[in-house]
Amino acid sequence: MSRTALVERTTKESSVRVSLDVDGTGTTSVETGVPFYDHMLSQLGKHGGFDLEVLTKGDLEVDAHHTVEDTALALGQAFREALGDKSGVRRYGDALVPLDEAIVQCAVDLSGRPYLVHDEPDLVELIGSYDTTLTKHIWESFVAEARMTLHVRVLGGRNAHHVVEAQFKAVARALRDAVLLDPRSVGVPSTKGVL
Ligand SMILES: [Mn+2]
């Protein structure tokens, strides 16, 4: 059974198309109009082993906010749909990822409930056209639709590009493990019977 999703989300502020295969090989094609965000979502696909296509046309004449947020919502929805009832998944995943001086710890639980813990130092305001205050909002939007618990803690780092990129890589590596099918896991991995 293929674990894939195609999500199309159109509002007056953006139109987003996300195609996801969680059992992919990390092949990505990402175009949002915000180059640094493209770079980040490409990390998520590559290091998660997810095949990911993202095409967003948003109201960048306002700013990058709607474009970035709506893409994160659609991506979260794609994960939720691709994982279905989560039968046989490992459910939990974690990662500790360095990028030069930056280091980020991430833990994920495919809990069925949206919850974010995000701990990040103050960063310079802009990386290209990407406003660094958007990172927290990306994870908030993502977990709201993916319905997962996500902890992202920046343990160290000075360079904003590194600090943000290490977050996407850490989330990718944690998610990669959480979505894996575990041959020892029979049915839905919860004593409640539902995730
Ligand atoms: Mn980079």
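**Two sheets and the helices packed on them**

Good morning. Helix H2 and helix H3 pass each other in a right-handed crossing. The residues that make up the contact of H2 with H3 comprise nine nonpolar, five polar and three charged ones. What I am presenting is a predicted model, and I shall use this helix pair as the point of entry.

Two packed helices are described by the angle between their axes and the distance between the axes. Here H2, residues 65-83, and H3 have axes that come within 7 Å and cross at roughly 30°. On the H2 side, the residues involved include His65, Val68, Leu73, Phe79 and Arg80. On the H3 side, Leu134, Ile138, Phe142 and Glu145 are among those they meet.

Let me turn to the sheet that carries H2. Four strands form an open sheet in the order E1-E2-E4-E3, and the pairing is mixed. E1 and E3, the latter being residues 28-31, stand at the edges; each has a single partner strand, so one side of each is left without a neighbour in the sheet. On average, and with direction ignored, neighbouring strands here are turned by 5° against each other. Helix H1, residues 35-48, packs on this sheet and touches E3 and E4, its direction making about 160° with that of E3. H2 packs on the sheet as well, touching E1, E2 and E4, and its direction makes about 150° with that of E1.

How do the strands pair within this sheet? E1, residues 4-10, pairs with E2 in the antiparallel sense over seven bridges, and a hairpin of three residues connects E1 to E2. Two positions illustrate the register: alanine 5 stands opposite leucine 20 in E2, and glutamate 8 has arginine 17 of E2 as its bridge partner. On the E4 side, E2 and E4, residues 51-58, run antiparallel and are joined by eight bridges. There, serine 14 has glycine 58 of E4 as its bridge partner.

Strand E2 merits a further remark. In a regular strand the side chains alternate between the two faces of the sheet. Which residues of E2, spanning 14-21, point to the buried face? They are Ser14, Val16, Val18 and Leu20. Ser15, Arg17, Ser19 and Asp21 point to the other face and are not buried.

I come now to the second sheet. It is open and has four strands in the order E5-E6-E10-E7, with mixed pairing. Its edges are E5, residues 92-99, and E7, residues 115-119; each has a single partner strand, so one side of each is left without a neighbour in the sheet. Neighbouring strands of this sheet are turned by 10° against each other on average, direction ignored. E7 and E10, residues 149-156, run parallel and are joined by five bridges. Aspartate 119 has arginine 153 as its bridge partner in E10. H3 packs on this sheet, touching E7 and E10, and its direction makes about 165° with that of E7. Helix H4, residues 160-178, lies across E5, E6, E7 and E10 and runs at about 150° to E5.

Two individual residues complete the picture. Threonine 135 lies in H3, residues 134-146. Is threonine 135 buried or exposed? Its relative accessible area is 0%, so threonine 135 is buried. Its side chain makes a polar contact of 2.6 Å with the side chain of tyrosine 130. Leaving aside neighbours within four places in sequence, threonine 135 is in contact with His118, Glu120, Tyr130, Val164, Gln167 and Phe168.

The other residue is arginine 91, in the loop between H2 and E5. Why does arginine 91 count as buried? The cut-off is under 20% relative accessible area, and arginine 91 counts as buried because its relative accessibility is 12%. Not counting residues up to four places away in sequence, arginine 91 touches Val108, Asp109, Leu110, Ser111, Ala178, Pro189, Ser190 and Leu195. How far apart in space are arginine 91 and valine 179? They are separated by 88 residues in sequence, and their C-alpha atoms are 6.2 Å apart.

To close, I return to the helix pair. H2 packs on the sheet that contains E1, E2 and E4, whereas H3 packs on the sheet that contains E7 and E10. H2 and H3 meet in the right-handed crossing with which I began. Thank you for your attention.

How values were computed:
Residues are numbered from 1 along each chain as its sequence is written. This is a predicted model: local features need pLDDT of at least 70, side-chain atom pairs count only at pLDDT 80 or more; totals for chains, interfaces and linings use all residues. Side-chain values use heavy atoms; hydrogens and water are left out. Buried means under 20% relative accessible area, exposed over 50%, partly exposed in between (1.4 Å probe, protein chains only). A polar contact is a pair of N or O atoms within 3.5 Å; within protein, one must be able to donate a hydrogen and the other to accept it, and residues adjacent in sequence count only if both atoms are side-chain atoms. Contact means heavy atoms within 4.5 Å. Two strands pair if DSSP finds at least two bridges between them. Axes are lines fitted to C-alpha atoms, for helices over the stretch in contact, and angles run from 0 to 180 degrees between N-to-C directions. A crossing is left-handed if the near helix is turned anticlockwise from the far one by less than a right angle, and right-handed if clockwise. Ala, Val, Leu, Ile, Met, Phe, Trp, Tyr, Cys and Pro count as nonpolar, Asp, Glu, Lys and Arg as charged, and the others, Gly among them, as polar.
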